[in-house]
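Student: Please give me a close look at the pockets here, in one connected account. I would also like to hear about a few residues beyond them.

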Protein chains: 2
Amino acid sequence: MSGFERDAVQVILCDIFGTTVDWFSGVSGQAAEIFAAAEVPLDAAAFANDWRDMYLPAMQRVRAGERPWAYLDTLHRESLDSLLERHAVVLDDDARARLVRAWHLLPAWPEAAAGLARLRTRYTVAALSNGGMALLTRLVKAAELPFDCILSAELARSYKPAPKVYRTATALLDVDPDRVLMVATHGWDIDGARAAGLRTAFVERPGEKGPHRQADRPSDTVSDLTASDFLQLAEILGC
Amino acid sequence: MSGFERDAVQVILCDIFGTTVDWFSGVSGQAAEIFAAAEVPLDAAAFANDWRDMYLPAMQRVRAGERPWAYLDTLHRESLDSLLERHAVVLDDDARARLVRAWHLLPAWPEAAAGLARLRTRYTVAALSNGGMALLTRLVKAAELPFDCILSAELARSYKPAPKVYRTATALLDVDPDRVLMVATHGWDIDGARAAGLRTAFVERPGEKGPHRQADRPSDTVSDLTASDFLQLAEILGC
């Protein structure tokens with residue numbers, strides 16, 4: 001906290017998958033049900049991790065201009081098809097569509113809504129995610145997360161950590177990047193925000209990738225603040 | 001209500017200025033204070049009406065491609081400067097900036113928040129206004145309006161009633177236009193939404209232009225539904 005000017009911040013941007021909602025439990029839980037119904041002999045937890053591992057490379061191809069911009073749902077479907085083929089799994093189109101939509105309905109981390117509500121009393125608090133506007137609107141509504149507004153990488157037709165995603169968000173909110181605090185649990189997101197001139201807060205989510213994977217650690221990344229969750233972040237910021 | 005399939009609707013888009021918030025009271029009230037402090041001998045109510053009258057023509061020049069896209073704040077400032085010049089009024093830059101920002105903080109109509117909250121229980125409810133994202137986020141937060149998300153004509157870099165504004169909103173929410181209900185109190189907005197393939201609800205706001213001007217009347221426009229306010233609309237839609 002030393003040296004961090006909390007009064008200089010006007011806007012807080014929050015990452016969603018992993019930072020605000022528990023994608024691992026949500027996706028592996030829904031996948032387990034779909035696999036059971038279809039008698040697919042895959043371990044849902046390992047499947048969720050493997051699927052998520054394909055997320056950054058898929059977005060990187062868009063950012064690098066190797067393919068036109070595509071919705072996150074499209075990238076998820078392509079990586080799903082590829083993953084199921086690798087495991088030689090037969091699964092009908094309807095079940096695949098339901099798996100893609102599993103990313104639209106994920107449980108919030110237990111303290112997230114209460115922490116966001118406290119942050120909102122002092123700051124404008126917006127979502128900024130690689131999920132599309134439709135996905136985010138559905139997810140935020142179902143999880144009852146009290147954001148002031150929802151912003152998506154879709155509005156920049158790119159993906160985080162491309163600087164233009166963070167800059168599009170600050171431009172839409174008409175605020176200087178150094179008056180914005182990006183909250184995330186991934187080093188690549190924190191690094192991207194810092195490179196775009198934003199301030200950063202690393203929120204630790206040790207269980208973000210489930211029990212068998214190591215989550216990103218704040219010690220591996222340079223950030224202005226670190227917090228164990230949104231309530232501690234609210235405390236640090238005097239909310 | 002006869003013939004209107006409320007179950008076919010998934011998303012409700014709400015206009016803001018006049019429909020959800022009382023721009024006349026908000027702008028004329030703030031203008032009265034600024035004029036009093038600067039000893040400007042203008043009638044604030046007439047001024048607010050005259051300023052608002054310049055709104056549609058200014059946006060029309062953008063829609064017609066006669067000038068590049070510009071923020072609503074920019075259009076408001078230009079028309080303000082022109083209006084003050086017409087009245088030969090001297091007013092410093094700071095006071096003019098405060099007048100432009102009057103549009104960022106406007107009181108909600110008394111039943112709006114309660115009506116939106118009821119509509120949200122059944123539908124996804126989003127703002128869709130010609131105000132920019134920054135303006136809308138500030139206004140919606142201050143007025144405590146419970147939208148699921150905020151969308152702006154800025155995202156289409158045009159202005160209502162251009163069809164691309166409504167279509168950009170439905171595309172971002174990944175919903176067919178005919179599953180969307182546009183709620184507005186202006187005939188031109190209802191007409192624009194209908195032309196873009198949306199369903200429409202005219203909400204009557206007889207005092208929208210203050211005591212000396214006639215507000216738009218539902219009888220002058222073709223809409224699927226008409227309601228006296230958001231609570232009656234919620235009632236009609238079974239919320």
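Tutor: For describing a lining, Ala, Val, Leu, Ile, Met, Phe, Trp, Tyr, Cys and Pro count as nonpolar, Asp, Glu, Lys and Arg as charged, and the others, Gly among them, as polar. The model is predicted, with local features needing pLDDT of at least 70 and side-chain atom pairs pLDDT 80 or more, while totals for chains, interfaces and linings use all residues. Residues are numbered from 1 along each chain as its sequence is written, chains are lettered from A and ligands numbered from 1 in the order written, and side-chain values use heavy atoms, without hydrogens or water.

A pocket is an open set of points on a 1 Å grid over the protein atoms alone where a 1.4 Å probe fits, with protein on both sides within 12 Å along at least five of seven lines, and its lining residues have an atom within 4 Å of a point. The largest pocket has a volume, the space filled by probe spheres set on the points, of about 410 Å³. It is lined by 20 residues, and those closest to its centre are Arg120(A), Pro146(A), Phe147(A), Arg120(B) and Phe147(B). At least two lining residues come from each of helix 7 (133-143) of chain A, helix 7 (133-143) of chain B and strand 3 (149-152) of chain B, where helices (H or I, at least four residues) and strands (E, at least two) are DSSP runs numbered from the N terminus. Helix 7 of chain A gives the largest share, three residues. By class, this lining holds eleven nonpolar, one polar and eight charged residues.

The second largest pocket encloses about 300 Å³, and of its 14 lining residues, Glu154(A), Leu155(A), Thr168(A), Glu154(B) and Leu155(B) are the closest to the centre. Two or more of its lining residues come from helix 8 (163-172) of chain A, and likewise from helix 8 (163-172) of chain B. Its lining comprises eight nonpolar, two polar and four charged residues.

Away from the pockets, His104(A) sits in the loop between helix 5 (93-101) and helix 6 (112-120) of chain A. It counts as buried because its relative accessibility is 2%, the limit being under 20% relative accessible area with a 1.4 Å probe and protein chains only. Its side chain makes a polar contact (N or O atoms within 3.5 Å, one able to donate a hydrogen and the other to accept it) with the side chain of Asp73(A), at 3.0 Å. Beyond its neighbours within four places in sequence, His104(A) is in contact (heavy atoms within 4.5 Å) with Asp73(A), Leu135(A), Arg138(A) and Leu139(A).

In chain B, Met59(B) belongs to helix 3 (residues 55-63) and is buried, with a relative accessible area of 0%. Outside four places in sequence, Met59(B) touches Leu75(B), Asn130(B), Tyr159(B) and Lys160(B).

Turning to the rings, there are 16 aromatic pairs over all chains, a pair being Phe, Tyr or Trp rings (for Trp the six-membered one) with centres within 6.5 Å, called stacked when the planes are under 30 degrees apart. Trp69(A) and Tyr159(A) form a stacked pair, 6.0 Å centre to centre with 20 degrees between the planes. This pair links distant parts of the chain, 90 residues apart: Trp69(A) is in the loop between helix 3 (55-63) and helix 4 (72-86), and Tyr159(A) in the loop between strand 3 (149-152) and helix 8, both loops of chain A. Trp69(A) and Tyr159(A) are both buried.

Terms used
Buried < 20%, exposed > 50% of the residue type's maximum accessible area, 1.4 Å probe, protein only. Phe/Tyr/Trp six-rings, centres within 6.5 Å; stacked < 30°, edge-to-face > 60°.
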